[in-house]
Amino acid sequence: RFRICAWIETWSADTVSIEADKRGPSDRLDDIKIQIKGEGDRVDVTTHVPRVSFGRGCNVDYRIKVPASARVEVSSTNGALRVAGTRGGLKAETTNGSVEIGDAAGAVEASTTNGSIRVTFTDAPDSGTQRFSTTNGSVSVTLPADARGEFTASTVNGGISTDFALPSGARISRRRLEGRIGEGGARYELSTVNGGIKILKG
């Protein structure tokens, strides 16, 4: 099965650095095409794989550096995603693979089908909706101790736990949580079918 993994981090430069490592049978590597298109302050990176190369053990591993203020959107079908240090907003999607996000300070959306999601915020967003969802895997979100916001979490086969004290009006059960921490702040939506959910205090 063809796999695309990405490791994205931020740096102080106002440019984008892209490194790609193609691996697989030598007679198939030239069939994997990587297209990089830049226009204005936008850069798109696309991987084109002929159908004949699927199932041949071909992989592409990306290592990308972007400005901290950049908005990042990354998606894969088979492969893990790792992102660190984004401030300008992030959307990360994969199907078969885990999603790991560290040192986030902007809006975040992360989803997968088969894999876990782990997100750590260094600064909690002041507004907007942060969404984290998987089908088969756990969801773990770590927030600063002074985080504020509205939280909803649900699971079918698993449990839910939080380090934060929720008010008496909050709805908390083994498989569902609804409550608010403090005043204002962002909205957080966490969901899985087969797995546990943790809301942790950093």
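## A walk through an all-strand chain

S138 sits in the loop that joins β12 (129–133) to β13 (139–143). Let us begin there and keep in mind that this is a predicted model. With a relative accessible area of 35%, S138 is partly exposed, because that value falls between the limits of 20% for buried and 50% for exposed. Setting aside residues up to four places away in sequence, S138 touches S116, I117, G195 and G196. Take S116 from that list: 22 residues separate S138 and S116 in sequence, yet their C-alpha atoms are 4.8 Å apart in space.

Now step back to see the whole chain. It holds 19 strands and zero helices. How does its radius of gyration compare with that of a compact globule? For 202 residues, such a globule would have a value near 17 Å, and the chain has 18 Å, which agrees. The C-alpha trace spans about 65 × 40 × 20 Å along its principal axes. Of the contacts with a separation of 6 or more, 51% are between residues 24 or more positions apart.

A few words on the surface and the interior are useful here too. Buried residues account for 39% of the 202 residues. The chain exposes about 10400 Å², and carbon and sulfur atoms supply 44% of that area. As for charge, there are 27 positive and 24 negative charges, and their mean positions lie 7 Å apart.

With that picture in hand, let us return to single residues. G195, one of the residues that S138 touches, also appears in the surroundings of T155. T155 lies in the loop between β14 (149–154) and β15 (160–162). Is T155 buried or exposed? Its relative accessibility is 7%, so T155 counts as buried. The side chain of T155 reaches the backbone oxygen of G195 at 2.7 Å. Beyond its neighbours within four places in sequence, T155 is in contact with I160, R174, R175, T192, V193, G195 and I197.

Another threonine in a loop comes next. T94 is found between β8 (90–93) and β9 (99–104). A relative accessible area of 5% is under the 20% limit, so T94 is buried. What does the side chain of T94 reach? It is the backbone oxygen of G79, at 2.9 Å. G79 is also among the residues that T94 touches once those up to four places away in sequence are left out; the full list is S76, T77, N78, G79, L81, V99, S111, T112 and T113.

The strand that follows this loop, β9, holds D103. The backbone of D103 deserves a look: its phi is near 55°, a positive value in a residue other than glycine. At 41% relative accessibility, D103 counts as partly exposed.

From T94 we can also look across to K22. The two residues are 72 positions apart in sequence, and their C-alpha atoms are 19 Å apart in space. K22 belongs to strand β2 (residues 17–23) and is partly exposed, with a relative accessible area of 29%. Which backbone oxygens lie close to polar atoms of the K22 side chain? The backbone oxygen of L29 lies 3.1 Å from a polar atom of that side chain, and the side chain reaches the backbone oxygen of I32 at 3.0 Å. Both L29 and I32 are among the contacts of K22 outside its four-place neighbourhood in sequence, together with I34, N59 and V60.

Our last stop is Q130, which takes us back to strand β12, the strand before the loop of S138. Q130 has 0% relative accessibility, so this residue counts as buried. A polar atom of the Q130 side chain lies 3.4 Å from the backbone oxygen of S127. Where is Y188 relative to Q130? It is 58 residues away in sequence, but the C-alpha atoms of the two are 4.8 Å apart in space. Y188 is one of the contacts that Q130 makes outside its neighbours within four places in sequence. Alongside Y188, Q130 is in contact with A186, R187 and E189, as well as with G106, A107, V108, F121 and P125.

How values were computed
Residues numbered from 1 in each chain as written. Predicted model: local features only at pLDDT ≥ 70, side-chain atom pairs only at ≥ 80, totals over all residues. Heavy atoms only, no water. Helix = DSSP H or I, 4+ residues; strand = E, 2+ residues; numbered from the N terminus. Rg over C-alpha atoms; globule rule 2.2 N^0.38 Å. Buried < 20%, exposed > 50% of the residue type's maximum accessible area, 1.4 Å probe, protein only. Contact = heavy atoms within 4.5 Å. Areas by Shrake-Rupley, 256 points an atom, 1.4 Å probe, with all protein chains shown as cover. Lys, Arg positive; Asp, Glu negative; His and termini not counted. Charge placed at Lys NZ, Arg CZ, Asp CG, Glu CD. Polar contact = N/O pair within 3.5 Å; in protein donor to acceptor, adjacent residues only side chain to side chain.
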